[in-house]
Amino acid sequence: MLRRRIIGAIPVVLGISFLVFLLMHIAPGDPVSLLLGEDATDAEIQRTRHEWGLDQPLLVQYWEFLSHAVRGDFGKSLKFGEPVTKLVFERLPATAELAFVSLLVAVLISIPIGVYSAIKHDSLLDHAGMGLALVGVSLPNFWLGIMLIYFLGGQLNLLPVAGRIDYGIQLEPVTRLYLVDSLIAGNFTAFWSALRHLLMPAVTLGTSLAAIVTRITRSSILEVMRQDFITTARAKGLGETAVVWRHMLRNAMITIITILGLQLGALLNGSVITETVFSFPGIGDLLIQAISLRDYRLAQGLIFFFAMMYFVVNLLVDLLYMLVDPRIKL
Amino acid sequence: MNREKRSGGINRRQFIRRSAALGLGAVLSPSIARLSWSASRERIAVYNSSVADSLNPYNHSSSPIYGLWQHIMEPLVEVGYEPVGYTGVLAESWEFQGKKWVFHLRKGVRFHDGAPFTSKDVIFSVNRIRTDKNSLQKSNFKDVVEMQAPDDHTVVFVMKQPNAVFLDRVQNRFILSKAAADKYGDQMDNYATGTGAYKFVSYQRGGNFVMTRNDDYWGPKAEIKEVIFRKVTEEAARVAGLEAGQVDVINNVPVHDVPRLERNSRLRVEKVEGLRTFFLALNPAFKPFDNKLVRQAANYSVDASAIVKNIFNGNGFVLNGPLGPHVIGYDPTHKRYPYDPKKARELLAKAGYPNGVEVKLYFSAGRYPQDREVCQVVAAQMGKGGFKVELVNQEWVIFWGTSGVNGGRLPFYYIGRGSLVDADTLYDQYFRTGTTKRLSYSNPEFDKLIEEEQKTGDPKKRVVLLQQAGKILMEEVPFMPLYNLADLYGVARNVVWKARPDEKIWVWDMKIRS
């Protein structure tokens with residue numbers, strides 16, 4: 001069944017690649033004059049366009065891109081002059097780490113509040129929790145990021161305002177996930193440093209997600225609470241903790257996982273802005289540069305990777321369903 | 001309360017609460033320790049909005065990044081600003097002989113790997129600039145037909161035609177070690193090897209660019225041991241980092257943050273008149289700017305000093321002519337067109353537009369400081385002078401591309417020419433016939449002066465020619481000079497350092513006051 005899913009993804013990926021290619025090239029703007037800068041003469045601009053193949057017909061350029069892309073070669077970035085795949089893999093771990101920690105932050109905040117709000121629904125705390133969720137979902141994350149930088153960074157000097165790790169800390173790259181690599185190396189200083197650098201961006205990114213998940217958790221628990229099997233569980237004398245965590249939450253989990261899976265996409269989108277605000281060297285930050293420079297090759301490669309990640313995450317979500325609910329089969 | 005007393009120890013809730021407090025404390029404490037800070041001789045950290053994006057030293061053409069690379073690798077000559085002129089770095093002296101430029105190289109200089117610096121390194125580096133597929137500095141040597149190395153310490157560039165501006169072309173071209181290139185092949189950039197006051201340590205794209213002092217440097221040694229550059233594009237983050245003491249030097253302080261930083265006893269703001277010359281281009285290829293009277297009317301209708309005062313809080317310097325005082329070819333006798341909307345309307349009427357004229361002003365919001373506000377004020381001021389100005393904002397990549405400025409498609413636009421050291425750069429690129437399409441201004445008399453100054457070896461005679469060209473521009477005004485802005489740096493107070501006008505931060509120039 002897994003094979004069918006993967007084969008089914010091929011036309012989707014092809015479609016995305018064509019759409020992205022077309023949109024990038026239709027959008028006005030000229031990477032050559034931008035990269036050559038203020039000293040470029042007209043003759044030089046024309047020559048470079050030719051060297052980079054940008055004067056070829058669009059379909060020829062697309063074919064060139066596609067025939068290399070199927071072999072895993074996305075060409076060289078116009079700006080960096082280095083292979084797109086190298087640039088992406090250099091930065092992917094930073095984004096993955098940020099997304100994971102944001103997800104963790106979101107889950108740790110939202111599920112307890114959601115469950116509590118459902119159990120004590122219509123209480124003062126429930127209203128406060130839901131009010132907070134509304135605020136969380138309404139805050140634009142670039143604004144929240146800048147506020148955190150200003151207060152926690154600039155005024156209180158509690159957390160670092162930019163980057164992934166402090167100066168002078170050397171880490172042997174194994175997974176390139178700093179938290180993991182520092183644990184492997186047993187380097188506790190590096191671990192703290194990486195964690196401290198992650199906190200503000202992860203909270204920025206995780207807040208709106210937490211807000212959504214809190215509301216979903218609350219409503220799914222409320223629904224499950226009224227089911228017969230909960231009454232049965234209570235009737236057979238199970239403690240309240242076991243009823244809530246083992247029966248209610250587990251049954252509410254399918255909805256929550258679906259939302260988390262879908263929101264992971266939003267998390268990656270959000271990372272584009274958050275990474276720029278915090279100078280966090282991930283692929284979101286790279287995508288902004290690629291698009292604003294019209295670095296076609298880099299942008300195409302990056303969006304392709306974004307699409308692939310959506311696909312993989314969706315697949316993982318489906319596999320998780322099976323784990324949570326054994327009745328479901330792919 | 002009672003329960004706590006009864007149990008004698010702590011209960012589960014208290015345990016959780018206390019561990020959480022302990023964990024938070026551990027995460028936050030290192031920064032609390034730095035609450036009273038100052039910069040040290042051991043290490044300086046710089047947050048810059050523009051840092052190298054790759055280890056290829058030729059894959060960019062941007063002044064702040066030249067400034068970064070010059071810590072590690074050096075050019076033949078560099079520009080000094082008091083007074084403005086060239087001084088030798090790896091070249092001790094030079095001669096301009098008609099079609100030839102002869103450079104006599106400094107002796108006894110060694111690369112970081114111990115290899116001696118010779119003319120072969122110069123030829124190797126220039127060849128790489130000209131042939132590297134990713135080089136964005138090729139145009140600087142477009143007139144060079146041959147390079148010769150008569151001995152280890154002499155390099156001769158033979159040009160197509162005499163080129164007096166060649167020093168401006170070589171000032172940011174860094175010399176790499178040929179020995180390192182032979183040793184490392186296409187991996188050489190990972191071992192960035194130059195002759196500079198600092199040695200390359202490590203680099204992560206988007207992360208830290210780290211350098212350490214070269215204790216065997218041929219010149220005066222730097223005081224600060226380690227230097228870290230980091231690219232931080234978000235201005236709020238740069239300012240916050242400086243206020244918190246996480247960083248010692250930042251660039252591009254937003255004008256509205258200047259008073260706050262100046263009040264901070266640990267910080268100071270370093271201000272210098274920048275080299276970016278801001279002006280409004282009036283393209284004579286389009287109506288109504290084909291008429292000189294209209295262009296002059298436009299010049300009478302804008303009050304640049306009001307813009308500097310109200311939008312930039314005074315952090316700018318109004319131009320009286322095409323150039324600021326740091327530029328070779330500056331003419332102190334220029335007077336700008338005074339703000340006189342009545343005169344503007346009269347000139348418009350004389351040009352055949354008695355009821356005023358509609359024009360579109362193009363700009364790219366966010367490219368330059370407060371550019372949207374500037375253009376809004378320009379539109380309002382010009383309104384009083386009889387111009388009905390419509391503002392058109394374009395994304396930079398469109399504005400600057402071949403469908404915009406570089407395709408000659410814009411009649412009227414707001415622009416800043418950066419890193420302007422020699423008037424020739426501005427005059428050649430914007431006003432000489434055919435070099436670029438940015439402005440379709442064409443004047444044979446002007447072209448002749450430019451051709452002449454480019455051949456003239458005597459710097460004084462060259463300046464006279466450039467000044468004559470400037471006079472033509474001020475009479476014909478295919479543009480409207482506005483101002484140079486102040487470059488604003490935030491610096492830890494105990495760092496003794498004077499900012500350069502060219503956006504280069506040179507840490508070997510810094511001293512720490514103890």
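**Entry 1: Arg260(B) and its partner**

I began with Arg260(B), which is partly exposed at a relative accessible area of 22%. The model is a predicted one, so I read every value here as computed from it. The side chain of Arg260(B) meets that of Glu243(B) in a salt bridge, 2.8 Å from N to O. Arg260(B) sits in helix H8 (residues 258–263) of chain B and Glu243(B) in helix H7 (residues 235–244), 17 residues apart. Unlike Arg260(B), which is partly exposed, Glu243(B) is buried, because its relative accessible area of 8% is under the 20% limit.

**Entry 2: a pair far apart in sequence**

Next I looked up Lys498(B), which forms a salt bridge with Glu82(B), the closest N and O atoms being 3.4 Å apart. The two are 416 residues apart along the chain. Lys498(B) lies in the loop between strand E18 (495–496) and strand E19 (511–512) of chain B, while Glu82(B) lies in the loop between strand E2 (77–81) and strand E3 (84–88). Is Glu82(B) buried or exposed? Glu82(B) counts as exposed, at 66% relative accessibility. Lys498(B) is exposed too, with a relative accessible area of 54%.

**Entry 3: a bridge between the chains**

I then turned to Glu90(A), whose side chain meets that of Arg205(B) in a salt bridge of 2.7 Å, N to O. This pair crosses between chains: Glu90(A) belongs to helix H5 of chain A, and Arg205(B) to the loop between strand E8 (198–203) and strand E9 (208–213) of chain B. Glu90(A) counts as partly exposed at 28% relative accessibility. Arg205(B), at 9%, counts as buried. I noted that the pair is part of something wider, since a network of salt bridges links Glu82(A), Lys86(A), Glu90(A) and Arg205(B). As a reminder to myself, side chains of opposite charge can pair when their charged atoms come close.

**Entry 4: the whole interface**

With that pair in hand, I checked the contact between the chains. How many residues does each chain bring to it? Chain A gives 57 residues and chain B gives 57 residues. The area buried between chain A and chain B is about 4800 Å², with carbon and sulfur atoms giving 50% of it. In chain A, Glu38(A), Asn157(A) and Tyr167(A) lose the most area to chain B, together 18% of what that side buries.

I found five salt bridges listed across the interface. One more cross-chain pair I looked at is Lys79(A) with Asp53(B), whose side chains meet in a salt bridge at 2.4 Å, N to O. For the structure as a whole, the salt bridges number 34 over all chains. Across the interface there are also 15 residue pairs in polar contact.

Which elements of chain A give two or more residues to the side that touches chain B? Among them are helix H2 (31–36), helix H5 (84–119), helix H7 (141–155) and helix H9 (188–225). H7(A) gives the most, with six residues. The residues on that side of chain A divide into 26 nonpolar, 15 polar and 16 charged.

**Entry 5: chain A on its own**

I stepped back to chain A, whose secondary structure comes to 13 helices and zero strands. Its C-alpha trace spans about 85 × 55 × 40 Å along the principal axes. Buried residues make up 50% of the 330 residues in chain A. Of the chain A contacts with a separation of 6 or more, 71% are between residues 24 or more positions apart. The accessible surface of chain A is about 15700 Å², and 69% of that belongs to carbon and sulfur atoms.

**Entry 6: two strand residues in chain B**

Last, I returned to chain B for Asn48(B), placed in strand E1 (residues 43–48). Asn48(B) is buried, with a relative accessible area of 1%. What does its side chain join in a polar contact of 2.9 Å? The partner is the side chain of Asn251(B). A polar atom of the Asn48(B) side chain also lies 3.1 Å from the backbone nitrogen of Ser50(B). Setting aside neighbours within four places in sequence, Asn48(B) has contacts that include Pro64(B), Phe229(B), Arg230(B) and Ile505(B).

Glu226(B) was my other stop, in strand E10 (residues 226–231). Its side chain makes a polar contact of 2.9 Å with the side chain of Arg43(B). With neighbours within four places left out, Glu226(B) is in contact with residues including Glu42(B), Ile44(B), Val210(B) and Thr212(B).

Definitions and conventions:
Residues are numbered from 1 along each chain as its sequence is written. Chains are lettered from A and ligands numbered from 1 in the order in which they are written. This is a predicted model: local features need pLDDT of at least 70, side-chain atom pairs count only at pLDDT 80 or more; totals for chains, interfaces and linings use all residues. Side-chain values use heavy atoms; hydrogens and water are left out. Contact means heavy atoms within 4.5 Å. Buried area is the accessible area (1.4 Å probe) that two parts lose on being put together, summed over both. A salt bridge is a side-chain nitrogen of Lys or Arg within 4 Å of a carboxyl oxygen of Asp or Glu. A polar contact is a pair of N or O atoms within 3.5 Å; within protein, one must be able to donate a hydrogen and the other to accept it, and residues adjacent in sequence count only if both atoms are side-chain atoms. Helices (H or I, at least four residues) and strands (E, at least two) are DSSP runs, numbered from the N terminus. Ala, Val, Leu, Ile, Met, Phe, Trp, Tyr, Cys and Pro count as nonpolar, Asp, Glu, Lys and Arg as charged, and the others, Gly among them, as polar. Buried means under 20% relative accessible area, exposed over 50%, partly exposed in between (1.4 Å probe, protein chains only). Accessible areas come from the Shrake-Rupley method with a 1.4 Å probe; for residues, only the protein chains shown count as cover.
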